[in-house]
Amino acid sequence: MAITSKGLQKLGFARSDFSLQDDGDGVYIAEWNSDQAQPSVDDIEAAHAEWVTARDAATAQKAADKASANAKLKAL
């Protein structure tokens, strides 16, 4: 995995707090503007993984809700 804006945002940072860059060797924090300490790569990656899990769960729930609604409509 790598540094991602979603991981940083999951940690509570705004897009104005950082600037990411990729010169071909992977993404890194090119500029850090937050008053808070810059998180470690491990912390950012863990937060990104949490964000992915939450996004996937929300997508699955939407699909289940849609299937349930369709089944109810067909039953009518």
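Let me begin with a definition: a residue is called buried when its relative accessible area is under 20%, exposed when that area is over 50%, and partly exposed in between. Please keep in mind throughout that this is a predicted model.

I start with Thr4, which lies in the segment before helix 1. Its relative accessibility is 19%, and because the limit for a buried residue is under 20%, Thr4 counts as buried. The side chain of Thr4 makes a polar contact with the side chain of His48, at 2.8 Å. Leaving aside residues up to four places away in sequence, Thr4 touches Leu20, Ile44 and His48.

That brings me to one of those neighbours, Ile44, which is found in helix 2. Ile44 has a relative accessible area of 0% and is therefore buried. With residues up to four places away in sequence again not counted, Ile44 touches Ile3, Thr4, Gly7, Leu8, Leu11, Ile29 and Pro39. Phe18 does not appear in that list of contacts, and the C-alpha atoms of Ile44 and Phe18, which are 26 residues apart along the chain, are separated by 13 Å.

Next comes Glu45, placed in helix 2, which covers residues 41-75. How far away is the nearest side chain of opposite charge to Glu45? That side chain belongs to Arg55 and is 16 Å away, and Glu45, although buried, has no salt bridge. What we do find is that a polar atom of the Glu45 side chain lies 3.4 Å from the backbone nitrogen of Ala2. Ala2 is also among the contacts of Glu45, which touches Met1 and Ala2 when residues up to four places away in sequence are not counted.

Since Arg55 has come up, let me turn to charge pairing in general. Side chains of opposite charge can pair when their charged atoms come close. In this model, a search of the whole structure finds 1 salt bridge, and in it the side chains of Arg55 and Asp56 meet at 3.2 Å, N to O. Are these two residues buried, exposed or partly exposed? Arg55 has a relative accessible area of 39% and so is partly exposed, while Asp56, with a relative accessible area of 40%, is partly exposed as well.

Now to the aromatic residues. The structure holds 1 aromatic pair, formed by Phe13 and Trp32 in an edge-to-face arrangement, with 4.9 Å from centre to centre and 70° between the planes. The pair links distant parts of the chain, with Phe13 in the loop between helix 1 (5-10) and strand 1 (18-22), and Trp32 in strand 2 (residues 27-32), 19 residues apart. Phe13 is buried, and Trp32 is buried too.

Finally, I return to helix 2 for two further residues. Ala63 has its place in helix 2 and is partly exposed, because its relative accessible area is 48%. The C-alpha atoms of Ala63 and Ala47, 16 residues apart along the chain, are separated by 24 Å. Lys72, also found in helix 2, has a relative accessibility of 58% and therefore counts as exposed. For Lys72 and Lys62, which are 10 residues apart along the chain, the C-alpha atoms are separated by 15 Å.

To close, helix 2 carries the buried Ile44 as well as the exposed Lys72, and I am happy to take questions.

Note on methods
Residues numbered from 1 in each chain as written. Predicted model: local features only at pLDDT ≥ 70, side-chain atom pairs only at ≥ 80, totals over all residues. Heavy atoms only, no water. Helix = DSSP H or I, 4+ residues; strand = E, 2+ residues; numbered from the N terminus. Buried < 20%, exposed > 50% of the residue type's maximum accessible area, 1.4 Å probe, protein only. Lys, Arg positive; Asp, Glu negative; His and termini not counted. Salt bridge = Lys/Arg side-chain N within 4 Å of Asp/Glu carboxyl O. Polar contact = N/O pair within 3.5 Å; in protein donor to acceptor, adjacent residues only side chain to side chain. Contact = heavy atoms within 4.5 Å. Phe/Tyr/Trp six-rings, centres within 6.5 Å; stacked < 30°, edge-to-face > 60°.
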